[in-house]
Structure formats: structure tokens, C-alpha cells
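Here is a friendly walk through one protein chain. Have a look at the model first, and then we can go through the fold together.

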Amino acid sequence: MGFFDALLGRSKPVKPNLDALFGLPPAALTLEAATDYAPTGVASVAYRAVEGGASADAVREASALIAKDADLQVRTEDDSYGYSWHVLSNQARDIPGLVTNLHAVNSSIENAGFGPMLLCSSLYFSTPSGTRAALVYLYKRGTFYPFVQTGPHRRDNAEEFNIKAAIGADLRFEEDTSKWSPLWDAPGMLD
């Protein structure tokens, strides 16, 4: 970045680091120890599907990579915002295995040349009272943020900050809270 870029407020986009996803298992343990949140055994990858066979082939390749995991169930859903969600469920709640498969899906899509189409990856949690939360990895920013949905188009910002405080040392959190986008009823969030 040059002097004029800095002066004009322009910045280079952060290069995504998919290996940051491997910080999720220890963060999940920390979150579970510090709060009532427990992993649901569900994770997802959101991406903008593009027309044509190459994009569909990349998703099929990603599914084939992880199909060997007998404990894993995979489905693809589209949302009303034009994104497709690859939802991975592991009944055994094997978070390291789930994250490894999440990484494989992201890598497969990225290696096929569709990295710019990746939006986010999420690992989901719930409390005994039914509160749902997600730890979200923003692909284009290379950072994480928490999202807590408490009802239709309602979120609990204070609880999100509590989650960040509980596991802030385990993950690289997004400092710009305006980037903490809601994932209203995201596929996998309510599983």
C-alpha cells in the first residue's frame, strides 16, 4: 500500500487464511467452559453460486472430498439473498473433524477458482435454554465474529460481546463491528 492509498483511506484486502478455521476447536472448548454454549455439531459454508457447470463441479468435488466421513451428513440450501449454503452435520459433535471437513469444502471451492464467491463459514452453538449462536469466519476479511439470534430478525449484541470476551484470545476477531452481519435463520443455525 502506497502513501496516497493510506492518505485516501484505501487499503488492500486481507488475504483469507483458511487455516484460521483450525482455531475453532479450541475456541469451542473455551466457549463451552466459560458459558452455557455447546457446539451443535453443525457447520456451514456460504458462497455465491455462479451460473455454469464449473461452479457446480467445484461443489460436487467438495462434497466428494468429505463423503468418506460416515458420521457426516451434508446438504446444500439456497437462501433468499442469493447465497448457497453447504451445511455439514456431525451427530457425534466431533468439532475437530467437522472443522477439517469445513476447511476441505472451502479449499475445494477456492482451488477451483471460486474463492471470491466465498462469503463465510460458521460453526453453530446453543444453550440449554435454546439460544442459538454462531462463530462466523468472514472469508474476505480473514476475521471471526459471533452472532446470536434471539428471534425473527432479532439479535443479542450484548451476548455477542460476551462471547467475544470469553474466547477473544483464541480467534482473530473482526474489530469493525459494522461488519458483524446478521445470519438470520441461516441454514444450519436452527438445526
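The chain exposes about 9,600 Å², and carbon and sulfur atoms supply 54% of that area (Shrake-Rupley method, 1.4 Å probe; for residues, only the protein chains shown count as cover). Of its 191 residues, 45% count as buried, meaning under 20% relative accessible area, with over 50% called exposed and anything in between partly exposed (1.4 Å probe, protein chains only).

A word on the ground rules: this is a predicted model, in which local features need pLDDT of at least 70 and side-chain atom pairs count only at pLDDT 80 or more, while totals for chains, interfaces and linings use all residues. Residues are numbered from 1 along each chain as its sequence is written, and side-chain values use heavy atoms, with hydrogens and water left out.

**The sheet**

The chain holds 5 helices and 7 strands (DSSP runs numbered from the N terminus: H or I of at least four residues for helices, E of at least two for strands). The 7 strands form an open antiparallel sheet in the order E2-E3-E1-E4-E5-E6-E7; two strands pair if DSSP finds at least two bridges between them. Strands E2 (72–78) and E7 stand at the edges with a single partner strand each, so one side of each has no neighbour in the sheet. Further in, E4 (residues 118–126) is joined to E5 by 7 bridges, and Ser-121 stands opposite Tyr-137 in E5.

Ser-126 also lies in E4. Why does Ser-126 count as buried? Because its relative accessibility is 18%. Beyond its neighbours within four places in sequence, its contacts (heavy atoms within 4.5 Å) include Asp-36, Tyr-37 and Arg-132.

**Helices on the sheet**

Two helices lie across strands, with angles taken from 0 to 180 degrees between N-to-C directions of lines fitted to C-alpha atoms, for helices over the stretch in contact.

| Helix | Strands crossed | Angle |
|---|---|---|
| H2 | E1, E4, E5, E6 | about 35° to E4 |
| H5 | E5, E6, E7 | about 140° to E6 |

Which residues of H5 (157–167) are buried? They are Glu-160, Ile-163 and Ile-167. These residues cover an arc of only 60° around the axis (from the directions to the C-beta atoms), which puts them on the same side of H5. Their cover includes helix H2 (24–34) and strands E5 (132–138), E6 (143–151) and E7 (154–155). At the N-terminal end, Asp-156 caps H5, with a side-chain oxygen 3.2 Å from the backbone nitrogen of Ala-158.

Definitions and conventions. A polar contact is a pair of N or O atoms within 3.5 Å; within protein, one must be able to donate a hydrogen and the other to accept it, and residues adjacent in sequence count only if both atoms are side-chain atoms.
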